[in-house]
Each structure stands twice: as C-alpha cells, then as structure tokens.
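Here are a colleague's notes for reading alongside the model, set out as numbered points. Please keep the structure open while you go through them.

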Amino acid sequence: MSFAKELSNKINDLQYSTLPSEAVHWAKVGILDTVGVTIAGAHEPATRIVLGVSGSASGPSLVFGHARRIGALDAALVNGTASHALDFDDCNNTLGGHPSVPILPALFALADEIPVSGRDFIAAYVAGFETECKLSMVVNFHQYTKGWHPTTTIGVFGSAAACAHLLKLSVEQTATALSIAASLAAGIKSNFGTMTKPLHVGHCARSGLFAALLARDGFTAGATAFEHKHGYFEVFNGAGNYDAARAIPAWANPLDITRPGIAIKSYPCCGSTHQALDCMLELVHTHTLKPEQVARIDSWTHTRRLEHTNRPDPKSDLDAKFSVQYTLARALKDRTVKLEHFEGTNWQDPATRAILPKIHVAPYTTAQFPADNHFGAEVKVTLTDGRVVGTKTDQALGRSVDKPLPADMLKAKFDNCAARALSADNVARLYAAIQEFEHAKDVREIAALAAGMGGPQRVAA
C-alpha cells in the first residue's frame, strides 16, 4: 500500500465521536487564537497587496476583518497570508513551525461554501493537524535545517487532509489530494523577514484546498508521490534523511494537538525569540532594570533558532520580528513586547537601537541545556555597577500543554487582536461563539462575525 493511501486511511478513520475531550478543547484554543491573529493581520500591507492582486470577483467566502466576500480559493490565500502576517500565530514542537495557519484559513473558506457543523469542522482540523505533525516526524528537522519552511512544505498536507476530510472524500480521493499537494509544497527560509513568509502560508492554505477540490472532481496524481525515487521524500530531504516508517505507528498516539500540543505565542514576533524574551522580561521586572543601568546583555538560544534570529541590525519592521537583539532591546526599554513595536517605522526607534550594540547572542551548549532541548534560553545582564543578574528557561510560556498560556492571557490576546478590525460588540460575540464552537450547526454563523467594520454578513444555506 502506498504511503499516501496508508495516511489517507488514518485521516478518514478520524471522527469527532472518537476525539478525546482535550483534543476538542485544544482545537477551540487553536481556532480562537488563529481567528484573532488573522483579523489583526487583515489590514497589514502584505494582506492588502495579496487581496488587491488576487483580483477575485465576489463569492461566498469571507475575507476576515473586511466587509467583503470572494471565491474560496482566493479567500484561503488572503486569509492565510493575514493569519501569518504578524507572526503572532501558534506553533508546534513536532512540526517545527506553525500548525494552524496552513489549515484553518482553508477550512473557513470551504465552510463558507457548504453547510458544515462545528463538530465536523473540528474533526477536519484535528485530522489536518495530525497529518502535518506525523509527516514532520518523517522529514524534520532535516528539512527545517536544510532551508525549507516546514510550516508550508509540510503544512500543505495538513491543509489538503483537513479539506478532504471536510468534503468527506473517499480514501482514494484523499490519497490523490495528498499526492497533488506534494507537487504544490513550497517555501524557503531565505524569505523570512519579508512579506513572502506570510505569503508562503496563504499559498499553502490555498494549495491544500485546491488539491482537495481537484481530487473531489476526478483529478489524477501519482500513487507513489511520497516514496517514488523522484517523490517528495527524496526531493525535499534526500536519501538517509527521512524515515517514512515513523508516521503511521505514531498516528494519534497521542494526537499531536493534545501533546505536545499547540504553542500559543505571547509576543507578536518569531517564536524562536520567545524563550529569551521570557527570561529578559523576568529580569526586567524582578530587578526593575532600566536601559541606563545595563552595560551588556548575553543571550543563548538553540543554534537552529539563532540561524534566523541573529539579526543585530534589522532593516525593516518585518526584519525586526526576526531579530532577537531588537526584541530583547524592546523588552528592556518598554518592559513588554507588543504589536506596535513592529508597526510603521517604530523599528527605527533611536532609544531601542541604542541598546542593540550591548546585546551579544550565541548558541547554547549541552552544559546549559540537554542536547534534546531545542526550546530553552538563558539570559545574563551585566549592570554598569558590575553586578550580573541572569535566568534561564526550558521553554517559553505557552510553548506546550505542560506550560500553557493562561486563559485570561489568551482572551486578552484575542480581544486585542480582533479589536483592530472589529467592533467591540463583534469581538465579544465572536469570542463567545468560539467557546461553543462544537455546538454550532453551521460554522458560517460564527465566521460571519469576523467581518470588518461593515458588519457581519450572513449567507443563505
């Protein structure tokens, strides 16, 4: 049996009725967080440009944060770009990337076309989440280190699987959708720190939906698109750099959405900076640090994370999101890190940039953290009076189900994000509706609340 067929059997077997309660809980957390950051990113320049260039005529699918509806494929593209435009969306330790944004923009776009219950939507989301994470066990972290963007080069299969599940495709059709998606996988890390990174996600969400729709209508693809000598595994990883036998035995054992789970971001910047930020903010608040007291800051994170966050002189607002130096400087100067720090020309703030030369970063060693810990950080601050204060963490707050972001912080994040495009009433109504997501008879009733200031729009069934 082909790899795609084996995976498709698992995808189709997953049903809402078999989901543990914690999977439903975490699915709603992922939906809430992703909807919030998508609305917040709806009017970012990257989103506006993609929406303008797509040229989509009117259609059934809502553009989140706007009073406009377009075709489902274009909505997946635009909302997918918006969901990642602020780099504020969730992460997952198995995937080594962002698990929800390749999936949910595609599912919401599709759910605006066909009547979908909350339970069917959640089951499709979990199926897509599990697909991309178990595939990641096959190919990562080689693929990540090689320079691919696994959020999208792996996430496209999560999107295809989720959409195939929501469309109730057969095992054979789902396998075809995955094989089509193998030819649509894309995204390289050299474009991090630019508008193209969120475009990766928009393209991925659209491609997964596109693959499922093509498979539904009889499109064909190679049966061995994964294991063929010119297939996905060999082309993206190469011989000896993947293990296809890992995925199926690990399926739902446990479900990845429950363990290690969804990592919710506390800060609107690259997740590889967050553990150092937690340390820095702890020191700032514990010792009441001020910039004029600081002579030097030393920060250690995992070498793989430092490869794309060691940016001592960021050149744009998006570049600043990937600069551990800039984010640490903001933490010291402003005692927080928030969306406004990455807007407009705020990345050029003279007081913040004056701190940058004091910050020295390096990869940590096995003397600091175990070799299998990729998520830790240590920060030491040398003060002008010669004192040294420091702290370390094994992982950032919210990084796993063992260290979750508290519910009040999750709600505050959602409220702040959604308020950037919605009325206060719609923010409250949307939050309440997502809390009861599994009871929704038609997801369009919930999604309609994500319309921009033009007001919620309803589409007849």
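1. In this predicted model, Val294 stands opposite Leu383, a residue of strand β5. The two strands concerned are β3, residues 294-301, and β5, residues 377-383, and they pair in the antiparallel sense over 7 bridges. Another partnership to look for is that of Trp300, whose bridge partner in β5 is Glu378.

2. Strand β3 also pairs with β4, but here the sense is parallel and the pairing runs over 5 bridges. As a place to check this by eye, take Ile297, which stands opposite Ile359 in β4.

3. With these pairings in mind, the whole sheet can be traced: 4 strands form an open sheet in the order β4-β3-β5-β6, and the pairing is mixed. The edge strands are β4 (359-363) and β6 (388-393), each of which pairs on one side only. From one strand to the next, the twist averages 15°.

4. Helix α18, which covers residues 324-334, packs on this sheet and touches both β3 and β4, while its direction makes about 130° with that of β4.

5. Why can β3 be called largely enclosed by the rest of the structure? The reason is a count of its residues: 6 of the 8 residues of β3 are buried, and therefore the strand is described as largely enclosed.

6. A similar line of reasoning applies to α18, where 9 of the 11 residues are buried, so the helix is largely enclosed by the rest of the structure. The buried residues include Val324, Tyr326, Leu328 and Leu332, and also Gln325 and Arg330. Against which elements do the buried residues of α18 pack? They pack against the helices α15 (274-287), α16 (303-309), α17 (317-321) and α19, and against the strands β3 and β4. After α18 comes Arg335, whose phi is positive, near 65°.

7. The last point concerns Thr352, which has its place in helix α19, residues 350-353. Is Thr352 buried or exposed? Its relative accessibility is 0%, and because buried means under 20%, Thr352 counts as buried. Leaving aside residues up to four places away in sequence, Thr352 touches Tyr326, Ala329, Arg330 and Lys333. When you look at these contacts, recall that Tyr326, Ala329 and Arg330 are among the buried residues of α18, and that α19 is one of the elements against which the buried residues of α18 pack.

Note on methods. Residues numbered from 1 in each chain as written. Predicted model: local features only at pLDDT ≥ 70, side-chain atom pairs only at ≥ 80, totals over all residues. Heavy atoms only, no water. Buried < 20%, exposed > 50% of the residue type's maximum accessible area, 1.4 Å probe, protein only. Contact = heavy atoms within 4.5 Å. Pairing = 2+ DSSP bridges. Axes fitted to C-alpha atoms, helices over the stretch in contact; angles between N-to-C directions.
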